[in-house]
Structure formats: structure tokens, C-alpha cells
Amino acid sequence: MSATLVRFGAALFFTLAVAPGPVRPAAAEAIETRIERHGEYITVNASALMQVDARIAWEVLTDYDHLAQFIPDMKSSRVVSRSGNRVRVEQKGDFGFFFYRQPVEVMLEVVEEPWRRIDARRISGNIRDLETRYELKASDAGVKLDYIGRFIPEFSVPPFFGMAMVRKVIERRFRAMVEEIVRRDALARGRPKD
């Protein structure tokens, strides 16, 4: 994985989104996730196939200033600076499940390749290492969203239920991102959300 991969690192922590209110769930069979531990790193691979406009998917993925409105456990997200296709994004929130909660703060350097790919890496924060990537691929079958990420949290992940907790959080956030894309696409087309 290159030194610059995208936002779920925080995307993992944050960039996976949820829309408020009732939303038609994205087809569960179209979403796949794989989360594994490799040494200190936790790696994530997730994908979804959606019948949406790729431009809408891109708009959701790059809606940095409004992510906290639809991403679970994100308290704030804001663009700190932008220069061409490079964006610095500060994000704050919580990472956890049930009674276990850890505050997360991260500054990301995001590199956008419009309509195709978003790479991000941690610059600072309480995630020791983070690299993520979102890729969009349009075809006759629909728009495929792929997420690849790896991270080392600065805080400890509980030994007995840690990976199960990470898996639930990641799956929930990725599904929420997909649902927000589907929701916005339906609004753009004038279709009902459910």
C-alpha cells in the first residue's frame, strides 16, 4: 500500500457515514468487508456495488465539512486547507462499541483524483499510523466502491473483544457511507428515500 491511501483511516474512524432518519438499506448482499490483523496493523477491505450516479458517490466521499452530520460517532470534520487536489482535513470523534470508547483525533492529508480515487494518510493525531483509499469504478453493473485501509491505533484495543469490536464499527460505518450515497442519489433523482 502506498504512503498515501484514503480516509477511513479516519475514514476508518470517521469517513464511513450514516444519514439521519429512515433510509432504505443498501442491498446487504452487495456489501462485502474483510478486517484482519497483520502484526500491529489492522487492515480493512470493503466493497459495495450500487445503482447510483458516480458523481453523487464522489460528492458524499469528499463532503469533509459535513461528515459529522452523517457519520456515526464523529463529532467534527473540517477542511483546514486546500491546494489543488490536496486537502488537509481535521477530524474528531469516538471509536468504540457498547461501553468501550476512545476519543480519536486525526489530521489527514488527502489526495483526490476526481471521480476515481481518494487517498489519505495520517499527519498527526492519536492514530499511530493510518493509510486509506477509496476507489470508484463505474460499469454497466453499477458503481463499485472499494475501500482499502490499514491503521495502528495509538490507544489499546481490548484483547478479548477487540477485533470483533473493530469489525462491527467498520462494517457499520461502511454500510452507513453506502446508505448515504444511496440516499443522496435518490434525492437527486427525485425518488423516495425508502
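Visitor: Which residues are linked in a network of salt bridges?
Guide: This is a predicted model, where local features need pLDDT of at least 70, side-chain atom pairs count only at pLDDT 80 or more, and totals for chains, interfaces and linings use all residues. Residues are numbered from 1 along each chain as its sequence is written, and side-chain values use heavy atoms, with hydrogens and water left out. A salt bridge puts a side-chain nitrogen of Lys or Arg within 4 Å of a carboxyl oxygen of Asp or Glu. The network links Arg 117, Asp 119, Arg 133, Glu 135, Lys 137, Lys 144 and Asp 146.

Visitor: Is Asp 146 buried or exposed?
Guide: Find Asp 146 in strand S8, residues 142–153. Strands (E, at least two residues) and helices (H or I, at least four) are DSSP runs, numbered from the N terminus. Buried means under 20% relative accessible area, exposed over 50%, and partly exposed in between, using a 1.4 Å probe and protein chains only. Asp 146 has 11%, so Asp 146 is buried.

Visitor: Which residue's side chain meets that of Asp 146 in a salt bridge?
Guide: Side chains of opposite charge can pair when their charged atoms come close. Here the N to O distance is 3.6 Å. The partner counts as partly exposed, at 35% relative accessibility. The partner of Asp 146 is Lys 144.

Visitor: Which residue's side chain does a polar contact of 3.4 Å join to Asp 146?
Guide: A polar contact is a pair of N or O atoms within 3.5 Å; within protein, one must be able to donate a hydrogen and the other to accept it, and residues adjacent in sequence count only if both atoms are side-chain atoms. The partner is also in a salt bridge with Glu 135, at 3.6 Å from N to O. Glu 135 is buried at 16%, while the partner is partly exposed at 43%. That partner is Lys 137.

Visitor: How many salt bridges does the count come to?
Guide: One of them joins Asp 73 and Arg 172, with the closest N and O atoms 3.4 Å apart. Asp 73 lies in the loop between helix H2 (54–61) and strand S3 (74–83) and Arg 172 in helix H3 (residues 162–189), so the pair ties together parts 99 residues apart in sequence. By the salt-bridge rule, the count is 23.

Visitor: How many aromatic pairs does the search of the whole structure find?
Guide: Rings of Phe, Tyr and Trp (its six-membered ring) pair if their centres lie within 6.5 Å; planes under 30 degrees apart count as stacked, over 60 as edge-to-face and the rest as tilted. By this test, the number of pairs is 2.

Visitor: Why is the pair of Trp 58 and Trp 115 classed as it is, and what is the class?
Guide: The ring centres are 6.0 Å apart. Trp 58 sits in helix H2 and Trp 115 in the loop between strands S5 (100–113) and S6 (117–125), 57 residues apart. Trp 58 is buried at 7%, but Trp 115 is partly exposed at 46%. The planes meet at 50 degrees, so the pair is tilted.

Visitor: How far apart, centre to centre, are Tyr 134 and Tyr 147?
Guide: These two form a tilted aromatic pair, with 50 degrees between the planes. Tyr 134 lies in strand S7 (residues 127–139) and Tyr 147 in strand S8, so the pair ties together parts 13 residues apart in sequence. Tyr 134 is buried at 1%, and Tyr 147 is buried at 1%. Centre to centre, the distance is 5.0 Å.

Visitor: Which element gives the most to the largest nonpolar core?
Guide: A nonpolar core is a set of buried Ala, Val, Leu, Ile, Met, Phe, Trp, Tyr and Cys residues joined through side-chain atoms within 4.5 Å. The largest has 43 residues, and those with the most contacts inside it include Val 110, Tyr 134 and Phe 174. With 9 residues, the top contributor is H3.

Visitor: Which residue caps the N-terminal end of H2?
Guide: Buried residues of H2 include Ile 56, Trp 58 and Leu 61. At the N-terminal end, a side-chain oxygen of the cap lies 2.7 Å from the backbone nitrogen of Arg 55. The cap is Asp 53.

Visitor: How many helices and strands does the protein have?
Guide: From the N terminus on, the elements run α-β-β-α-β-β-β-β-β-β-α. The totals are 3 helices and 8 strands.
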